[in-house]
Amino acid sequence: MPQRHSKNNNDLAFFTYDEKRKLGYGTQKERLGRDSIKPFDACCLCLKPFIDPLCCQKGHVFCKECILECLLSQKKDIQRKLEAHSAQQKQDKEEEEERLMLQKARELDAFDQQNHGAVPQYSDKNYNRDKNGFHGANSVKTTSFEEEALRTMKAFWLPSATPNAPVKVEAPSMSTICPEGKEKLKLKSLFPVYFTEDTSELKKSKSLDKNFICPSCKVTLTNTVALMALNSCGHVFCKKCGEKFMAVDKVCLVCNKPCKERNLVNLGKGGTGFAGHGDHLEAKDFKHLGSGSGLGLVRPAMKT
């Protein structure tokens, strides 16, 4: 005999609010921590420290091999979809020509029967038609259509005999897309980026990983530092130095190459896990109870 407390009353025919909450029903929210966020020096595709990094105009950094392989696979997929679309157009054209030929043949047959006074012949003798060729309230044309439908109609209650819906292949887009920002991306719009490595003896002795610094103010680059890159030469700076010096002097601080304000590209990076960082890094899962099982069906997590 279960306890009669309201929260433990599990012999009801429906789920109580407390039981739904224990099963995970509803929208579950969780803030992403630092371990769940991509570091600034990781590729957006392989999520490993980048090798020969390339950056798009929106600030997404990829390994050279990763982004070239991604763009190549997209081009192959576009070519495959284009061939499928062309094949479907050719098939639709052939079917339309065949339909027009059959329609023309039926019109000629009807015209010949009308001129020679031929009486329509019916292969099915089970139908009782009058001498005018009518069957109940339906005309001869409607009745022949019903015969064709009964002969070709498949059984909807049998999985093996159900009709197949035609698959419409749409014309694919001919442009490749950035896998991170979902905007149009071309290979010629990518530019290499160069990070300044910290070569001090103190940093080398503490860690085996590479540490990058701003070549102007020598600040160690982390996810908390906003970064900017020049698409003309590829050198990376912190945002403060970029806005303070390069936007005014119109020259790169490393190679002295002339630049303009439009050459400054903000690099995309992950957050820090803190609410005051400015990024809304929150994962949401919506769970609803399965019919009769009590198990939750989970939708994919969403970041907002």
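Let us begin at Lys182, which is exposed, with a relative accessibility of 62%. In this predicted model, Lys182 sits in the loop between H3 and E4. Its backbone deserves a look: Lys182 is not a glycine, yet its phi is positive, at about 60°. As a general background, most residues other than glycine have a negative phi. A second lysine can be viewed with the same question in mind. Lys218 also has a positive phi, near 65°, without being a glycine. You will find Lys218 in the loop between strand E6 (212–213) and E7. With a relative accessible area of 53%, Lys218 is exposed, because the bound for that class is over 50%.

From these loops, turn to the interior. The largest nonpolar core has 39 residues, and within it Val193, Phe195, Leu221, Leu227, Leu230 and Leu267 touch the most other members. Two or more residues of this core come from each of strand E2 (53–55), strand E3 (61–63), H2, strand E7 (227–230), strand E8 (236–238), helix H5 (239–249) and strand E9 (264–266). E7 is the largest contributor, giving four residues to this core. Such a grouping fits a general tendency, for in soluble globular proteins nonpolar side chains tend to be buried together.

Helix H2 spans residues 64–116, and besides its share in the core it carries a good deal of charge to follow. Start with Asp77 and Arg80, whose side chains meet in a salt bridge with 2.4 Å from N to O. Why is this pairing easy to picture along the helix? Asp77 and Arg80 are three residues apart in H2, so about one helical turn separates them. Asp77 is partly exposed, at 27% relative accessibility. The pair does not stand alone: Asp77, Arg80 and Lys81 are joined into one network by salt bridges that share partners.

Further along H2, a similar spacing returns. Glu96 and Arg99 are three residues apart in this helix, about one turn, and their side chains form a salt bridge at 2.5 Å, N to O. Glu96 is partly exposed at 37% relative accessibility, and Arg99 is partly exposed too, with a relative accessible area of 42%. In general, side chains of opposite charge can pair when their charged atoms come close.

Which residue forms a salt bridge with Asp92? The partner is Lys168, and the closest N and O atoms are 4.0 Å apart. That distance still counts because the rule asks for a nitrogen within 4 Å of a carboxyl oxygen. Asp92 belongs to helix H2, while Lys168 belongs to the loop between helix H3 (140–152) and strand E4 (191–192), so this contact ties together parts that are 76 residues apart in sequence. The two partners fall into separate exposure classes: Asp92 is partly exposed, with a relative accessible area of 34%, whereas Lys168 is exposed, at 57%. The count of salt bridges in the model comes to four.

Not every charge on H2 is paired in this way. Glu94, Glu95, Glu97 and Glu98 form a negative surface patch. Glu94, which lies in H2, is partly exposed, with a relative accessible area of 47%. Glu94 can belong to a patch because patch residues need over 30% relative accessible area and no salt bridge.

Our last stop is helix H5 and the chain that follows. Phe245 is in H5, and with Leu253 and Val254 it forms a nonpolar surface patch that has about 210 Å² of accessible area together. Phe245 is partly exposed, at 30% relative accessibility. Is Ala247, also found in helix H5, buried or exposed? At 18% relative accessibility, Ala247 counts as buried, because the class takes in values under 20%. The C-alpha atoms of Ala247 and Cys259 are separated by 8.4 Å, with the two residues twelve apart along the chain. Finally, Arg262 lies in the loop between H5 and E9 and is exposed, with a relative accessible area of 65%. Arg262 and Asn231 are 31 residues apart in sequence, with 9.0 Å between their C-alpha atoms.

Technical notes
Residues are numbered from 1 along each chain as its sequence is written. This is a predicted model: local features need pLDDT of at least 70, side-chain atom pairs count only at pLDDT 80 or more; totals for chains, interfaces and linings use all residues. Side-chain values use heavy atoms; hydrogens and water are left out. Patches are made of residues with over 30% relative accessible area and no salt bridge: like charges are joined within 9 Å, nonpolar side chains (Val, Leu, Ile, Met, Phe, Trp, Tyr) within 5 Å. Accessible areas come from the Shrake-Rupley method with a 1.4 Å probe; for residues, only the protein chains shown count as cover. Lys and Arg count as positive and Asp and Glu as negative; His and the chain ends are not counted. The place of a charge is taken as NZ of Lys, CZ of Arg, CG of Asp or CD of Glu. Buried means under 20% relative accessible area, exposed over 50%, partly exposed in between (1.4 Å probe, protein chains only). A nonpolar core is a set of buried Ala, Val, Leu, Ile, Met, Phe, Trp, Tyr and Cys residues joined through side-chain atoms within 4.5 Å.
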